[in-house]
Amino acid sequence: MRLQLATWQEVDTYLKGCNGIIIPIGSTEQHGPMGLIGTDALCPEVIANHVGEEAGILVGPTISIGMAQHHLGFSGSVTMRPTTLIAMIRDYVLSLSRNGFERFYFLNGHGGNIATLNAAFDEIYAERSLQRGSNQPGIRCRHKDWFTFPSARRISRECFGDREGSHATPSEISITQYAYPEAIKSMPEDRADKPVRHFTDADDYRMLYPDGRIGADSFLASPEVGERLVKECAKEVIEDFKGFVAQP
């Protein structure tokens, strides 16, 4: 069930049985020679929409631009400043909380968002704490990275081993291939460079990783692996979400 495809009356009905929502969040950034620029947003969105269809959980609009300043050396990449993303997450949560949502489950597809997500949650909690005696219902936020679920790690090890890498991975590209077969790209079987050190700004990243990949043999991706990842991760998201909403 997607918020954007529902009416306000349907949302009211949903809130009578559940006060939680899944919010996919990712990034718009280069993913090597064959990875789609929207990969980090598309992956959690695809998994979340599968969760919505399977379990009737409401899925909010995807936050598709995240913290990607280090990718700006590649055409098409877009970033937000940390303060901008924090403000956006805050307004998103507080908008929905006004009418009864209390549990916000962010399904993340981009490692660069993690610190900012946690900072945004702290800002939201601080704002509520400072409103002494406001009598407002408690808000709780959780973030989970789809690629850290046990099923994702297991399938990645089984299918790609040490050729998974850490950016433009065959796992994430497999998910986009499954979801968007019309947009599948190809590249030569050119092994990716292994990580050298942590990067800093966009120019530093481009110097270290000229084609955008970090240790990832993207060409190993396949739609079949993508289907497995989506369906197995969705099962774990459903279980984790239900436990989160059920907590006092």
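Modeller: Let's start with what counts as a helix here: a DSSP run of H or I with at least four residues, numbered from the N terminus. Please keep in mind that this is a predicted model. With that in hand, Gly 56, just after α2, takes a positive phi of about 70°.

Colleague: Thanks! What span should the 17 residues of helix α2 have?

Modeller: For a helix, we multiply 1.5 Å by one less than its number of residues. For α2 (residues 39–55) that gives 24 Å, and its end C-alpha atoms are 24 Å apart, so the two agree. As for its surroundings, α2 is mostly covered, with 13 of its 17 residues buried.

Colleague: Which residues of α4 are buried, and where do they sit around the axis?

Modeller: The general idea is that an α-helix has 3.6 residues a turn, so residues three or four places apart point the same way. In α4 the buried residues are Thr 116, Leu 117, Ala 120, Phe 121, Ile 124 and Arg 128. Their arc around the axis is only 145°, which puts them on the same side of α4. Turned away from that buried side is a face carrying the exposed residues Ala 115, Asp 122, Ser 129 and Leu 130. As for its length, α4 (residues 114–130) reaches 25 Å from first C-alpha to last, close to the expected 24 Å.

Colleague: What covers the buried residues of α4?

Modeller: The cover includes strands β1 (20–25), β2 (103–108) and β3 (140–145), together with helix α3 (82–97).

Colleague: Now the core. Which residues have the most contacts inside the largest nonpolar core?

Modeller: In soluble globular proteins, nonpolar side chains tend to be buried together. Here the largest nonpolar core has 54 residues, and Ile 89, Phe 104 and Phe 106 have the most contacts inside it. Among the elements that give two or more residues to this core are α1 (8–15), β1, β2 and α5 (150–160). Its largest share, 9 residues, comes from α8. Take Phe 104 as a case: beyond its neighbours within four places in sequence, its contacts include Ile 21, Val 93, Cys 141 and Phe 244.

Colleague: How many aromatic pairs are there, and how should I read one?

Modeller: Two rings pair if their centres lie within 6.5 Å, and planes over 60 degrees apart count as edge-to-face. The count comes to 8 aromatic pairs. In one of them, Phe 74 and Tyr 205 have ring centres 6.0 Å apart and planes at 85°, so the pair is edge-to-face. Phe 74 is in the loop between α2 and α3 and Tyr 205 in helix α7 (residues 202–208), so the pair ties together parts 131 residues apart in sequence. Phe 74 and Tyr 205 are buried. Another edge-to-face pair is Tyr 105 with Phe 241, whose centres are 5.8 Å apart with planes at 70°. That pair links strand β2 to helix α8 (residues 223–246), 136 residues apart, and both Tyr 105 and Phe 241 are buried.

Colleague: What else is around Phe 74?

Modeller: Ring pairs link Phe 74 into a cluster with Phe 199, Tyr 205 and Tyr 209. Arg 206 lies over the face of Phe 74, 4.4 Å from the ring centre.

Colleague: One last residue: which residues does Pro 33 touch?

Modeller: Pro 33 lies in the loop between β1 and α2. Leaving out residues up to four places away in sequence, Pro 33 touches Met 187, Asp 211 and Arg 213. Pro 33 is partly exposed, at 43% relative accessible area.

Key. Residues are numbered from 1 along each chain as its sequence is written. This is a predicted model: local features need pLDDT of at least 70, side-chain atom pairs count only at pLDDT 80 or more; totals for chains, interfaces and linings use all residues. Side-chain values use heavy atoms; hydrogens and water are left out. Buried means under 20% relative accessible area, exposed over 50%, partly exposed in between (1.4 Å probe, protein chains only). The arc is that of the directions from the helix axis to the C-beta atoms. Contact means heavy atoms within 4.5 Å. Rings of Phe, Tyr and Trp (its six-membered ring) pair if their centres lie within 6.5 Å; planes under 30 degrees apart count as stacked, over 60 as edge-to-face and the rest as tilted. A charge sits over a ring if NZ of Lys or CZ of Arg is within 6 Å of the ring centre and within 35 degrees of the ring normal. A nonpolar core is a set of buried Ala, Val, Leu, Ile, Met, Phe, Trp, Tyr and Cys residues joined through side-chain atoms within 4.5 Å.
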